[in-house]
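Me: I'm new to this one. Could you show it to me and walk me through it?

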Amino acid sequence: MKQHLAPRDLALLLAVVALWGFSFVPIKVGLREVPPFALAALRFLFAAIPLVFFVRRPRMPAGVVIAYGLAIGVFQFGLLFLGMKLGMPAGLSSIVIQVQVFFTIGLGIVFLGDRLRGENVAGAAIAALGVLLLAIYKVQGGLSTTLAGLLIVLVAAFAWAIGNIVAKRAAGEHDDDMFALVVWSSLVPPLPLAVAAYAFEGGMDAVRAVGSASVLTWGCVLFLAYAATLFGFASWARLLHRYPTALVSPFALLIPVSGVASGVLLLGESLAPMQALGAALVFAGLVVNVYGPRRLRRARRSTSSAASTSRSGPSSDSTSPASSGGTDS
């Protein structure tokens, strides 16, 4: 497994997290007309259909495909939206769910035998401090939450981590196309999410909301299905397969940063100094996580080179006087 991100893969990672952060804009727009569970059901329905008729089923057990669909589609997004319904603000939820980074790293160590390096710990700690500042800013802004909502979003974060591990192990054991996995696993969430929408979002009112949705809302649904789900999760799973989880998963901490930036650029939201500091710390933590090993190796090489030079210097000096003394005698 590669230990260092290739420039192309680094660019792809940044594109994915930027896309996921931006996706909170179409989510906000879509939720104006369609309730949360119904919006999530539509997202995965269009991620699966019609592509499922054109993309070959992944060559892995059906249980793996179902497990990934349940973890990502039903539990991650279903519980995230349920937590928001029970009092967790959307902005704070987008930050709290990034706890999945640490769940993913821990599960990778336990189930995949991943090794945790010092620079991974240092980088994750710095980035986590930045995310904490973003959360503190949200709370200080007057956002209130409920304990039930907070706990449910934390469970959603754990479900995301499970999905990451399922995808990584499936790719390692079956070496199949992650795009096919995302397409076929997207068949799993629509029905449970539709049932949840009917049960918790007003029954036929949820159906009527979907039927009367505007063209803009349907555009948001298609963006979430094709860009955020198919491109985003397929690319994410592919990168998790190529690299250690401790190297890739911390990039998800950039999602709330991208979300804040998208809100500033597209929704007219303001950027406070604490938010800017939090974003800077997230970037700094990721730099340590990605480039820390190279810096450390260079430092070790220079230290060993200096030590070797210092050892060879005195020995040559001591040899020279001895040889010259022999000539004089």
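Reply: Sure. One term to start with: accessible areas come from the Shrake-Rupley method with a 1.4 Å probe. Keep in mind that this is a predicted model.

Me: What share of the chain's accessible surface belongs to carbon and sulfur atoms?
Reply: The accessible surface of the chain comes to about 15,200 Å². Carbon and sulfur atoms have a part of that, and their share is 69%.

Me: How many helices are there in the chain?
Reply: Strands are easy to count here, as there are zero. For helices, the number is 15.

Me: Which helix gives the largest share of the largest nonpolar core?
Reply: That core has 81 residues, and Trp20, Trp160 and Phe233 are among those that touch the most other members. Eleven of the core's residues come from one helix, spanning residues 215-242. That helix, with the largest share, is α12.

Me: Which tryptophans is Phe233 in contact with, leaving aside its neighbours within four places in sequence?
Reply: With those neighbours left aside, the partners of Phe233 include Arg43, Tyr68 and Val182. Its tryptophan partners are Trp20 and Trp160.

Me: Which element has the lowest mean pLDDT?
Reply: Over the chain, the mean pLDDT is 83. Helix α3 (residues 36-48) has the highest mean among the elements, at 95. At the other end, with a mean of 63, is helix α15.

Me: Where is the pLDDT below 50?
Reply: Look for a stretch that, beyond near neighbours in sequence, has zero contacts in the model. Where pLDDT is low, the predicted coordinates should not be read in detail. The stretch is residues 315-329.

Notes. Residues are numbered from 1 along each chain as its sequence is written. This is a predicted model: local features need pLDDT of at least 70, side-chain atom pairs count only at pLDDT 80 or more; totals for chains, interfaces and linings use all residues. Side-chain values use heavy atoms; hydrogens and water are left out. A nonpolar core is a set of buried Ala, Val, Leu, Ile, Met, Phe, Trp, Tyr and Cys residues joined through side-chain atoms within 4.5 Å. Buried means under 20% relative accessible area, exposed over 50%, partly exposed in between (1.4 Å probe, protein chains only). Helices (H or I, at least four residues) and strands (E, at least two) are DSSP runs, numbered from the N terminus. Contact means heavy atoms within 4.5 Å. pLDDT is the predictor's confidence in each residue, from 0 to 100.
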